[in-house]
Amino acid sequence: MNYPQIDPIALSIGPLHIHWYGLMYLFGFLFVWLLGLYRVNKTEWTRQQLEDLLFYGAVGVIIGGRVGYAIFYDFQANLENPLNIFKIWQGGMSFHGGLLGVLAAFAWFGKKTGKSFFDISDFIAPMVPIGLMFGRIGNFINGELWGKVTDVPWAMVFPGAGPLPRHPSQLYEAALEGVLLFIILWWFSSKPRPKAAVSGLFLLGYGFFRFLVEFVRIPDAQYGYLAFDWLTMGQILCLPMIIFGIILMIVSYKVEARVKP
């Protein structure tokens, strides 16, 4: 299959260029907001609290994602030219950096509202995969983060990746970290769960799916494989998520069992 070459600029208004990559983030936040409005009607949250949280979260995603990418994946290049960090339209966002930024935003929001950290994370976690899905679609439109060479029927020839067909790993991630993880978390959170259990399942689910996709995704050129000719930086960053997610779920259910009469 040929990669459907898409102009990364969706719209130009004079000197102003609106990129598809940025629009995907906008669409992601829009859909999370809509899902959040639905959840607000079933919880003690208010619309104003939701919108404030999404604002803090958006700031955390953008700052954390760019800084995380600069540190985890392209430290030397960004050290030589720090202004590259601000060129978000060129891609280069780290999920793990964005996660740290969002966690900081949760802590700040909790301090302002009196809500506990896990009340916040359990509320927002089921909606996050939809935002991740749009982010991966943005990667696909940008023609970046492609996969390894393969002969599967749905392989694509990406511009800039040579003449051989490759795994469309961006779409794998959109399907697994986005659609499938959303379905799992939305179903799991539809009934009362112990505090932190939903957050733990999100960490476990994302970490597991991302770890799997890394096997068919080309590692960042500046790092390559870090060990065993298959271990990538993405997998290393996912391991703590998987472990902490499992621990959170176990502890949350044990605490619930202790407090039940």
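In which helix is R136 found? In this predicted model, R136 is found in helix α6. The residue makes a good starting point, as UniProt lists R136 under "binding site", in an unreviewed entry. The side of the question that concerns solvent is settled by the relative accessible area: R136 has a value of 10% and is buried.

Helix α6 spans residues 128–142 and also carries F134, whereas F27 belongs to helix α1, residues 20–40. These two aromatic residues bring the helices into a shared contact. The ring centres of F27 and F134 are 6.2 Å apart and the planes meet at 65°, over the 60 degrees required, so the pair counts as edge-to-face. Because one partner sits in α1 and the other in α6, the contact ties together parts that are 107 residues apart in sequence. The two partners can also be described by their accessibility. F134, at 10% relative accessibility, counts as buried, while F27, at 29%, counts as partly exposed.

The contact between F27 and F134 belongs to a wider aromatic picture, with a count of 21 aromatic pairs for the model. Another pair is formed by W187 and F188, with 6.4 Å from centre to centre and 50° between the planes, an arrangement classed as tilted. The accessibilities of these neighbours are worth setting side by side. W187 is exposed at a relative accessible area of 58%, but F188 counts as buried at 7%. Elsewhere, one aromatic cluster is formed by W45, F55, Y56, F109 and F123.

F55 from that cluster leads on to the surface of the model. Together with V59, I62, I63, V67 and I71, F55 forms a nonpolar surface patch, and the accessible area of these residues together is about 530 Å². One member of the patch, I63, lies in helix α2, which covers residues 47–72. With a relative accessible area of 52%, I63 is exposed, because the value is over the 50% cut-off. Helix α2 also holds G57, and here the setting is a contrasting one: G57 is buried, with a relative accessible area of 11%. The C-alpha atoms of G57 and F29 are 9.5 Å apart in space, and the two residues are separated by 28 positions in sequence.

Strands also appear in the model. Strand β1, residues 9–13, runs antiparallel to strand β2, residues 16–19, and four bridges join the two. Within this pairing, L11 stands opposite I18 of β2, and S12 has H17 as its bridge partner. The strands form a hairpin with two residues between them, and G14 in the turn takes a positive phi of about 60°.

Two loops add further detail on spatial proximity. G143 is placed in the loop between α6 and α7, and its relative accessible area of 9% makes this residue buried. G143 and A161 are 18 residues apart in sequence, with a C-alpha to C-alpha distance of 9.0 Å. The loop between α7 (169–188) and α8 (197–213) contains K195. K195 is partly exposed, at a relative accessible area of 47%. In sequence K195 and F118 are 77 residues apart, yet their C-alpha atoms are 6.5 Å apart in space.

Finally, the helices can be set against the record. The unreviewed UniProt entry gives the annotation "transmembrane region" to residues 20–41, 53–73, 93–111, 123–141, 171–189, 196–213 and 233–253. Two of these segments may be examined in turn. Residues 93–111 are 89% helix and 0% strand in the model, with 27 Å between the end C-alpha atoms. For residues 233–253, the chain is 100% helix and 0% strand, and the C-alpha atoms at the ends are 31 Å apart.

Key: Residues are numbered from 1 along each chain as its sequence is written. This is a predicted model: local features need pLDDT of at least 70, side-chain atom pairs count only at pLDDT 80 or more; totals for chains, interfaces and linings use all residues. Side-chain values use heavy atoms; hydrogens and water are left out. Patches are made of residues with over 30% relative accessible area and no salt bridge: like charges are joined within 9 Å, nonpolar side chains (Val, Leu, Ile, Met, Phe, Trp, Tyr) within 5 Å. Accessible areas come from the Shrake-Rupley method with a 1.4 Å probe; for residues, only the protein chains shown count as cover. A salt bridge is a side-chain nitrogen of Lys or Arg within 4 Å of a carboxyl oxygen of Asp or Glu. Buried means under 20% relative accessible area, exposed over 50%, partly exposed in between (1.4 Å probe, protein chains only). Two strands pair if DSSP finds at least two bridges between them. UniProt positions are given in the numbering used here, feature names are shortened, and annotations may be inferred rather than shown by experiment. Rings of Phe, Tyr and Trp (its six-membered ring) pair if their centres lie within 6.5 Å; planes under 30 degrees apart count as stacked, over 60 as edge-to-face and the rest as tilted.
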